[in-house]
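Trainee: Could you take me through one part of this model in detail? I'd like a close look at the largest nonpolar core.

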Amino acid sequence: MLVSVLIVLVAAYFWTEGRKGGSTLSIHSATRIINNGEAVVVDLREAKEFKAGHIVDAVNIPHNKLAEQLPQLEGHKSKTLLLVDKMGQHTGAAGRTLKSKGFEVSRLQGGISEWQGQNLPLVK
């Protein structure tokens, strides 16, 4: 009984923390809002990975430099920031930071790896 309660509490914690970092969008939902001009893609990978291939018109701000490069995103407060990294491991923390600064944030489910897995284009 106690183990079941613990599992439920842990699951609730992760769900709540995940929501604080912004909603997760599928590849199809993400491409729709990108194509409609409703979102700005923020690629959180390092510059070397970004240059190897990224989503068209993405802004590169490495996750460990987000706080110092935040002014670069101020002009995009009217749009959703779609956070992308390699596999989704840094988007939650970055999303919480950006939401606390007043941005609307969503995260790409599966990151750039999923984007490539769906054979969607990357630019260099």
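**The core and the charged pairs**

Mentor: Let's begin with a charged pair: Arg-45 and Asp-43 are both buried, where buried means under 20% relative accessible area, exposed over 50%, and partly exposed in between (1.4 Å probe, protein chains only). Keep in mind that this is a predicted model, so local features need pLDDT of at least 70, side-chain atom pairs count only at pLDDT 80 or more, and totals for chains, interfaces and linings use all residues. Residues are numbered from 1 along each chain as its sequence is written, and side-chain values use heavy atoms, with hydrogens and water left out.

Now the core itself, a set of buried Ala, Val, Leu, Ile, Met, Phe, Trp, Tyr and Cys residues joined through side-chain atoms within 4.5 Å. It has 15 residues, and those touching the most other members are Ile-34, Val-41, Ile-55, Leu-82, Val-84, Leu-108 and Trp-115. Two or more residues come from each of α2 (27-35), β2 (39-43), β4 (80-84) and α5 (111-117); these helices (H or I, at least four residues) and strands (E, at least two) are DSSP runs, numbered from the N terminus. The largest share, four residues, belongs to α2.

Zoom in on Leu-108: leaving out residues up to four places away in sequence, Leu-108 touches Leu-25, Ser-26, Ile-27, Ala-30, Ile-55, Leu-82, Leu-83, Val-84 and Trp-115, contact being heavy atoms within 4.5 Å. Apart from this core lies another, of 14 residues, including Leu-66, Leu-81, Leu-98 and Val-105.
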